[in-house]
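Hi everyone, thanks for making time. I'd like to walk you through a structure that may be new to you, so have a look at it first.

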Amino acid sequence: MTTPIRVAVTGAGGQIGYALLFRIASGAVFGPEQPVALQLLEITPALPSLGGTIMELEDCAFPLLTDVKASDKADVAFGDADWVILVGGLPRKDGMTRADLIRANGPIFTGQGKAINDAAGPNVRVVTVANPCNTNCLIARSHAPKVAADRWFAMTMLDQNRASAQIAMKAGVPVGSVKKVTIWGNHSDTQYPDYKNAVIAGVPATSVITDAAWFTDTFIPTVAKRGGAVIKARGASSAASAANAAIDTVRNLYHPTPADTWFSTAVVSDGSYGVPAGLIYSFPVRSKGEGNWSIVPDVAVDDDARKRLDAGVAELISEREAVKDLLGP
Ligand code: NAX
């Protein structure tokens with residue numbers, strides 16, 4: 001039998017975890033032939049309820065799921081992992097500022113970064129979902145010197161999916177015909193959902209949707225504030241759509257990207273597009289498969305877009321400053 005891919009998921013007992021585990025186990029990420037093993041991390045008080053989720057995983061009798069284990073110790077959960085999906089942390093609650101969230105969740109990623117360094121498999125790839133995901137990824141990476149720079153990702157795929165859906169609805173086309181949408185920058189209100197390079201059935205989106213004001217006045221704020229709108233309507237933060245975006249992120253990295261598109265993920269900047277090297281910044285990316293990727297070069301960035309890209313840089317630098325006591329050597 002093919003060796004299983006070992007996937008560690010933190011915060012596995014939370015609402016995103018509940019929507020994520022079953023889809024990984026069903027083959028939605030690595031395909032219908034590839035066995036998977038799940039290695040779940042939770043805080044000690046959440047282990048009993050995670051036990052119930054594990055019973056449900058057993059009761060699904062997924063043919064591809066070879067093994068599930070749960071632990072409250074990061075080095076156990078990350079042992080030999082090929083992929084680590086960092087979901088565990090507090091979601092932002094009403095009245096909480098971004099700064100509060102950074103300080104609440106940041107410390108989790110020092111220990112988890114060290115545990116990834118010490119225990120994960122030699123080819124591990126790490127996707128950070130827990131917010132503020134770019135900066136949590138920066139913290140974890142700084143404690144894991146053994147894990148190469150091209151193995152770290154923070155999730156902006158939910159923003160990309162939200163952007164694609166808004167464009168499709170406005171144009172009255174199926175969302176699958178919308179391609180080359182990019183989220184630049186931070187997973188926050190400063191993100192730039194780039195519609196100018198997006199295409200609908202191969203044609204520039206801006207020549208299908210000719211109402212330029214819609215893009216600037218409605219589209220950009222709708223995408224950037226969508227998470228808040230979901231919280232307001234649902235009374236809880238996005239969960240199924242966030243889990244789906246985590247699935248999309250790993251699947252996009254694992255399988256080669258079709259030539260007519262790209263996808264968004266935050267990665268360790270190599271200085272592309274004038275983004276300071278080392279920041280965890282979202283770019284248009286293409287994968288060659290099995291987690292080997294590159295930033296798409298030569299995507300048009302006009303003066304307006306440049307200002308928006310720079311706003312993300314400035315915010316990420318200030319977030320890095322706010323957690324500098326949590327960064328490794
Ligand atoms: P929940 O509160 O439902 O679940 C979080 C889980 O993490 C809980 O079960 C908790 O016990 C666990 N946890 C807390 N500290 C832990 C630690 N040190 N080690 C392991 N597990 C720990 O939140 P949920 O709605 O699942 O959201 C999880 C995270 O995703 C939040 O930080 C949230 O802000 C973030 N999100 C990120 C998104 C993105 O696009 N990047 C979108 C959705 C979501 O808001």
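I'll start with the domains, then go to where they touch, and finish with the ligand.

One thing up front: this is a predicted model. The domain assignment splits the chain into domain 1, residues 5-154, and domain 2, residues 157-320. Their C-alpha centres sit 23 Å apart. Where they meet, domain 1 puts in 28 residues and domain 2 puts in 25.

Let's stay on the domain 1 side of that contact. Six elements each bring at least two residues there: helices H1, H4 (98-105) and H6 (133-142), plus strands S4 (83-86), S5 (125-128) and S6 (152-154). Which of them has the largest share? That's H6, with six residues. And if you sort this side of domain 1 by class, you get 20 nonpolar residues, four polar and four charged.

As for the second part of the chain, UniProt has an unreviewed entry that lists residues 156-324 as "domain: Lactate/malate dehydrogenase C-terminal". In the model, that span is 45% helix and 19% strand, and its end C-alpha atoms are 23 Å apart.

Now, the ligand. So where does it lie relative to the two domains? Between them, because domain 1 and domain 2 both give residues to the shell around it. There are 29 residues around the ligand, and the ones that come nearest are Gly11, Gly14, Ile16, Gly88 and Asn131. Helix H1, residues 15-26, gives the most to that shell, with three residues. By class, the shell has 15 nonpolar, twelve polar and two charged residues.

That's my tour, thanks for listening.

Technical notes. Residues numbered from 1 in each chain as written. Predicted model: local features only at pLDDT ≥ 70, side-chain atom pairs only at ≥ 80, totals over all residues. Near = placed C-beta within 6 Å. Helix = DSSP H or I, 4+ residues; strand = E, 2+ residues; numbered from the N terminus. Nonpolar A, V, L, I, M, F, W, Y, C, P; charged D, E, K, R; others polar. Domains from an automatic or database assignment. UniProt positions renumbered as here; feature names shortened; annotations may be inferred. Contact = placed C-beta atoms within 7 Å.
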